[in-house]
Amino acid sequence: MEQQELRAWEQRCIQEELPWCQAACPLRVDVRAFLERMAKGDPAGARKVLERSMPLSGVLGRLCEHPCETVCKRAEAGDALAVGDLERACVGSAPAGARPTVLPSRSKRAAVLGGGLAALVCAWDLLRKGYGVTFLVADDALGGRLRDLPESRLPKAALEEELARVLALKPEVRAGQSLDAALLDQALSEFAAVFADLSEVPGLARDDRAAVDPVTLAGDRSGFFLGGFSAPSGVSFIDQAADGRRAASSMDRHMSGVSLTAAREKEGPCGTRLFTNLAGIAPLSRVAPAAPDNGYAPEEATQEAARCLNCQCMECVRVCAYLERHKGYPKKYARQVYNNAAIVKGLHEANRLINSCSLCGLCAEVCPEGFAMADLCLEARRDMVARGKMPPSAHEFALEDMAFNNGPDFALTLPGPDGACAHVFFPGCQLAASHPHHVRSVFEHLRAALSGGVGLMLRCCGIPAHWAGREDLFTEAQAAFRAQWEGLGRPRIVTACSSCLDILRRRSPDLPAVSLWEILAETGLPETPGAPAPNAPLAVHDPCTTRHDETARAAVRGLLDRCGVAREELPLSGRLTECCGYGGLMSNVDPDLAHEVATRRAAASPLDYVASCAMCRDRLAAEGKRAYHVLDFIFPGGPDDPAAAPAPGFSARHAARAGLRRELAREYLGQAGEAEPGPELRIAPEVLARMEERHILVEDVRRALAHAETSGRVFREAGGERLLAPHRPRNVTYWLEYAREGGAFRVLGAWRHRMEVRPGAGAAGLKVDQTYIPDSGRWSCGHDALEPRPVEATYLGSSFNISLLACPECGLCLVPESLALGRMAEVERLLEDK
């Protein structure tokens, strides 16, 4: 990502846009933060907020005409906040802050003609910037017409306090001056810049704001600036203060020799794109003070400030557990992604952020500007893959699963009867994994209901590679899909999986793909009923990949109606539906976050759910939510209570796909293939559950066991019957603890890691096995030659040295407790997040 691209991404997120009150303020006072402190009963903290941008807050806090109130969003749900009254309450009860910070002294000096509010603000800002300032005033004291205000409006003590703070910055005051053209000439020759406060010296220049540059307030002579103009409706104190600040900025630029006009968009009132959702906000009236002449009492001020809406956008964060988890918002995330790619160059500073987005698109739907984290994260994934910076652990398991689905154990193409194939049923890999009986039922129904012949394609569409940013693997999968489709005569593709349909339409729009639900709506339901409709309504969960497929969503609801299933909509459904936690490979990258996403979705309604996506249904079921698949009500043959069926694990999903392929190949192609029985494995449920968490398949265990039994390279438990064996078939090491039980094997534990170990200096010739042992005193390789040897370990490009006990005779190694198997996941997490 180039910096220009970063700026374009950032611009689309409006969370950092100013709230309306601050945007309308000529001094850009952070009204939102001020009200937050007041609502907490902290006027001292609130005054600190004012003093960050409001000069002479003891004066201006009492005099400000509060233009912020005219744009307050609370006025759309009740009355606008009484910001002016709250500022008066604040400065009336909280003392001024400490002496302001002043920059180092500069050599140039400026003159300020007059001692009114605009002059005081201009001098205040210049003094803080380190310039010497000289007041040229006719009276003996500063303050000008501020001294004429009644005590009820501006107490004399408050004015004197603020004037003392100005004088503490040590300006020069030349009193008794004739504020005329001659004095101006003298000042321009003596000082580097001059400001005239026209509220105090009205005859010195034309009192017309249109006569000066609106950005710089520059007059008709170099170094001369004006402010304090009269307003059509009378004196505007906030505008006078803003004039003083703008003029001080221009004088600073003039004396520094830089552009007077560049980058001044952060000065004065401005527009804002901030969006605040007022849906569900109850109207609230303004709190009326019990004693209006005295203003707000402390408790009343707290109550009034508490009406503030704390205007933010955060629409996307409110609906997305992923965005909420990373404690920010899209503009902040765009910077993190940019830093990860362009500054740290792929050292994994933001990998978890980049890789755990579900790519569901909900953020773009709720964002007023259409900011899509999906696009940002997917682009970042592709960039990291292209530059060789994507950690192999991020999406490896999902890509291995895709390879299985496109390999000989599952992939299958069946032509239509007699070779005719006007349609091909493409169920996708997830329906075949958890509901293989539905795949058969739908296929048989379509063959009977559609004319022209119906074929079948079992394989993966390649979307895991698309999600992983592996365009090479995605292109390869799509090419294989297209070749099989063309071999069938280019039939219409009937998809049961909304993700398959979505990716085909987006990446291969020339392929004629249609949703199964639309076809079933057209052909009608089979005569044999499926599961009876439940007595209570079901909440309809829409897959996130049907977000923009209104036709498919309507077809699903129509089918449920025809099956007599009463239904209700979830709070977020249709275009605003939530992801189940599977999309974008979230469940592979961050299982804890995926669990949170699915749990939150399941908690959206107390009703049982019904989904048209097999993976959505399984993700909800895995969190204990009763959930049906739409096909449960159309085709028979499933469990007695489909909603209570557990979600199958990874190994069961592989077995189901392979079993379905064997059945169909035997029935339609006459192939007699059977599953290889292999040795009996006895795996306790708790061990199998841990294997699922670690993404270890039963077939991985079988291969590790076969390798151990064939090679004999195992550790044996001292005085026991347990065996410990490593197996590294690729860049993953599997580690298996087991025991022989007659002709069977009991699996006691299994782990996997991606760390590579090789001999270090002083260990030349040592054949290092990729084995990690949690308790080195418990195991033996059968030799007595174990001795300390240095090795180098590498993980995700990070190398470190460790020492282990190695056997030169067989090459088996015992690794210290600090890198033991029980902690390997922790070690890998630390290294990956490094």
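This short talk walks through some strands, a sheet and several salt bridges of one structure.

Before anything else, please keep in mind that this is a predicted model, in which local features need pLDDT of at least 70 and side-chain atom pairs count only at pLDDT 80 or more, while totals for chains, interfaces and linings use all residues. Residues are numbered from 1 along each chain as its sequence is written, and side-chain values use heavy atoms, with hydrogens and water left out.

Let me begin with strand 18, residues 733–741, where strands are DSSP runs of E with at least two residues, helices are runs of H or I with at least four, and both are numbered from the N terminus. Of the 9 residues in strand 18, 7 are buried, a word that here means under 20% relative accessible area, with exposed meaning over 50% and partly exposed in between, for a 1.4 Å probe and protein chains only. Strand 17, residues 723–727, pairs with strand 18 in the antiparallel sense over 5 bridges, and two strands are said to pair if DSSP finds at least two bridges between them. These two strands form a hairpin with 5 residues between them, and H727 has Y734 in strand 18 as its bridge partner. Strand 18 is also joined to strand 19, residues 744–753, by 9 bridges, again running antiparallel, with A739 standing opposite R746. In that second hairpin 2 residues lie between the strands, and G742 takes a positive phi near 65°.

Turning now to another part of the chain, we find an open sheet of 5 strands in the order 6-8-7-9-10, with mixed pairing. Its edge strands, each pairing on one side only, are strand 6 (412–414) and strand 10 (513–515). Within this sheet, strand 7 (residues 423–426) and strand 9 (residues 492–495) pair in the parallel sense over 4 bridges, and V424 has I493 as its bridge partner in strand 9.

Finally, the salt bridges, each defined as a side-chain nitrogen of Lys or Arg within 4 Å of a carboxyl oxygen of Asp or Glu; by this rule the count comes to 62. R307 forms one with E304, their closest N and O atoms being 2.8 Å apart, and both residues are buried. How far apart are the closest N and O atoms of R617 and D618? They are 3.2 Å apart, and R617 counts as buried because its relative accessibility is 2%, just as D618 does at 3%.
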